[in-house]
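These are my notebook entries on a structure that I had not examined before. I set down what I looked up, entry by entry.

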Amino acid sequence: SPSVSDADLTVCDREPIHLLGGIQPRGVLVAFEPAGGTIAVVSANAAGLLGAGPDALVGQPLTRLLPRDALARVEAGVALGPVNVEVGGRRCSALLHESDGLRVLELEPLSDADEDRAVDESALGAVHRLVSPLARVKGAPALLQEAANAVRSLIGYDRVMVYRFHADFHGEVVAESVRDGVDRFMGLHFPASDIPVQARALYTRNTLRLIADVDAEVVGLVPATLPGTGRPLDLSGAALRSVSEIHLEYLRNMGVGASFSVSLLKDGRLWGLMACHHLSPRSVSAARRQACEVLARLLSLQLDAEERGMEAAAQARRASLLNVLVVPGLGERSPVRVLEAQAPLLMDLTGATGVALVLGASAGLPGGAPLLLGETPTEAEVLRLVSWLSEQALPNDLFHVDRLGDVYAPLAARAEVAAGLLAVRLDPAVPHFALWFRPEVARSVTWAGNPNKPVRPEPGHARLRPRASFDVWREEVRDASLPWSAQDLEAARALKGALVGVMLRHAEEVARLSR
Ligand code: BLA
């Protein structure tokens, strides 16, 4: 197999993974003209199942392989999933889709294990638990765990993970179900390049992929290229598509013999994958793959509902904070005392680990010192930052970065408290600011597996090991905080209004008392 050097990794995103022109040997592919049913493409392994090789089949009518009524059943049932048919004396599951103007039939012989009902019943139980109102009450982590358990009982793999993408498309294992004795990946982060951009795009359109044996010989297609396009048949929608050799090497390096993954979509966008490993080769029937897809959809729906609930709760918390700040009579107390008492809420508002409020002399701290809450730079550092900020053009009075050190050198070495900064200017006339800080993200991430397990260095291959890949991710995110979300910015803007109100009322109160 071709060797993958670090230099090749830059071309990852450009590998046309839908046009590799090969399938996995666990089934047979036949593409035919929609109109006359003439066979146009056949996989090179056809003879094993169909009794005749590609040379004998291409140009022949499909009815030589599949009786007309069987094809009709496949066509009728295909929207619902795989249909079982008898081909060459063997029971097969059949899938049908369109590509390059052809209809593509994929036949996979069924094994006895595929008929086992006991597994299906335990999986059905898991589906019930996943959709029950109780599941949501227990929260997102319980939902993810339930889904991982359900998929593992359905497919019998050694390790089933829920892999969630962050905004920059690096990913994190957020739930995991493993057989006893199998390494855990829970909590690990991986760089975006481990699942390159075209793969993520393909996975939004085709939600399932099974690599039943990472060492299986790739089976070619006959003809290798279509006369019309001069390219191999587009296998974007094919279940049997053989995958990138680079990815196979990655899986082998991980000690994985079979890999199955199911896309997790929300509003048509890929938010994660159920990523499943078996340490030795293992197939998953088309019916079970489809059951996993249903599970993945249920999980996405339940999580969506759960997240809307969380968002509503967060809104309520924000509203309550803003309410506290506008309570009448507050003006009598020093704003600093009021804000200090609300420190956890102030940080929670934007998911920050520290807040600095620079409110000037009238706020109540001697000499107009900033109010520092949680993990922040020092008072002197904050004041220097504020004088820099007040010279910047701030659209909507807002400023936010997740790599402060890149734009503001004095805090470049302070990523442990201030890799991320969200600032809102409170007053156009004087340099009054609310500042939220976040630490470098890599510091909050640890190996959940066994970090001391020796890794055999192999020149040129190191990057394709998950452990090395984790290190690369750490390198990529060094000095960066988690990005600020649209909600964080909105919360900052809302707080600005409330703070300005507090300061005004306090000023009025002070004026009234001194009259
Ligand atoms: C595909 N990479 C994938 C897939 C996963 C991962 C889940 C989907 C295919 C599958 O189901 O196996 C990555 N798998 C992971 C990660 C974990 C895991 C992060 O279990 C962590 C627990 N991969 C690289 C690099 C390149 C690369 C550097 O690490 C690029 C050179 C390529 N990955 C790559 C490609 C695919 C892929 C090309 C698409 C495979 C295909 O569908 O053809």
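Entry 1: strand pairing. I looked up V42 and found that V42 stands opposite V222 in β11. The strands concerned are β3 (residues 39–43) and β11 (residues 219–222), which pair in the antiparallel sense over two bridges. I take helices (H or I, at least four residues) and strands (E, at least two) as DSSP runs, numbered from the N terminus. Two strands pair if DSSP finds at least two bridges between them.

Entry 2: the source of the model. I note that the model is predicted, that local features need pLDDT of at least 70 and side-chain atom pairs pLDDT 80 or more, and that totals for chains, interfaces and linings use all residues. Residues are numbered from 1 along each chain as its sequence is written, and side-chain values use heavy atoms, with hydrogens and water left out.

Entry 3: the sheet. I followed the strand order of an open sheet of seven strands and read β1-β11-β3-β2-β6-β5-β4, with antiparallel pairing. Which strands stand at the edges? They are β1 (22–23) and β4 (83–87), each with a single partner strand, so one side of each is left without a neighbour in the sheet.

Entry 4: strand β2. I turned next to β2 (residues 28–32), where five of the five residues are buried, so β2 is largely enclosed by the rest of the structure. Buried means under 20% relative accessible area, exposed over 50%, and partly exposed in between (1.4 Å probe, protein chains only). V28, V30 and F32 point one way from β2, while L29 and A31 point the other way. I found β2 paired in the antiparallel sense with β6 (residues 102–109) over five bridges, and with β3 in the antiparallel sense over three. A31 stands opposite V104 in β6 and opposite V41 in β3. I also recorded that β2 and β3 form a hairpin with six residues between them, and that G37 in the turn has a positive phi of about 75°.

Entry 5: residue A72. I located A72 in helix α3 (residues 68–77). Is A72 buried, exposed or partly exposed? With a relative accessible area of 39%, A72 is partly exposed. The C-alpha atoms of A72 and E108 are separated by 18 Å, the two residues being 36 apart along the chain.

Entry 6: salt bridges. How many salt bridges does the structure hold? I found 18, a salt bridge being a side-chain nitrogen of Lys or Arg within 4 Å of a carboxyl oxygen of Asp or Glu. I examined R164 and E307, whose closest N and O atoms are 2.7 Å apart. R164 lies in strand β7 (residues 159–165) and E307 in helix α9 (residues 286–326), so the pair ties together parts that are 143 residues apart in sequence. Both are partly exposed, R164 at 25% relative accessibility and E307 at 26%. R164 and E307 also belong to a network of salt bridges that links them with K266, D304 and R308.

I then looked up R297 and E293, whose salt bridge has its closest N and O atoms 3.4 Å apart. The two residues are four apart in helix α9, and are separated by about one helical turn. R297 is exposed, with a relative accessible area of 55%, whereas E293 is buried at 18%. A further salt bridge joins the side chains of E245 and R252 (3.2 Å, N to O).

Entry 7: the ligand. Which residues come nearest to the ligand? Of the 30 residues around the ligand, these are C12, Y203, H247, S259 and S261; I count a residue as near if one of its heavy atoms lies within 4 Å. A polar side-chain atom of H247 lies 2.6 Å from an oxygen atom of the ligand. The protein buries 99% of the 880 Å² that the ligand exposes when taken alone, areas coming from the Shrake-Rupley method with a 1.4 Å probe and, for residues, only the protein chains shown counting as cover.

I finally asked which element gives the most to the shell around the ligand. Helix α8 does, with three residues.

Definitions and conventions:
Polar contact = N/O pair within 3.5 Å; in protein donor to acceptor, adjacent residues only side chain to side chain.
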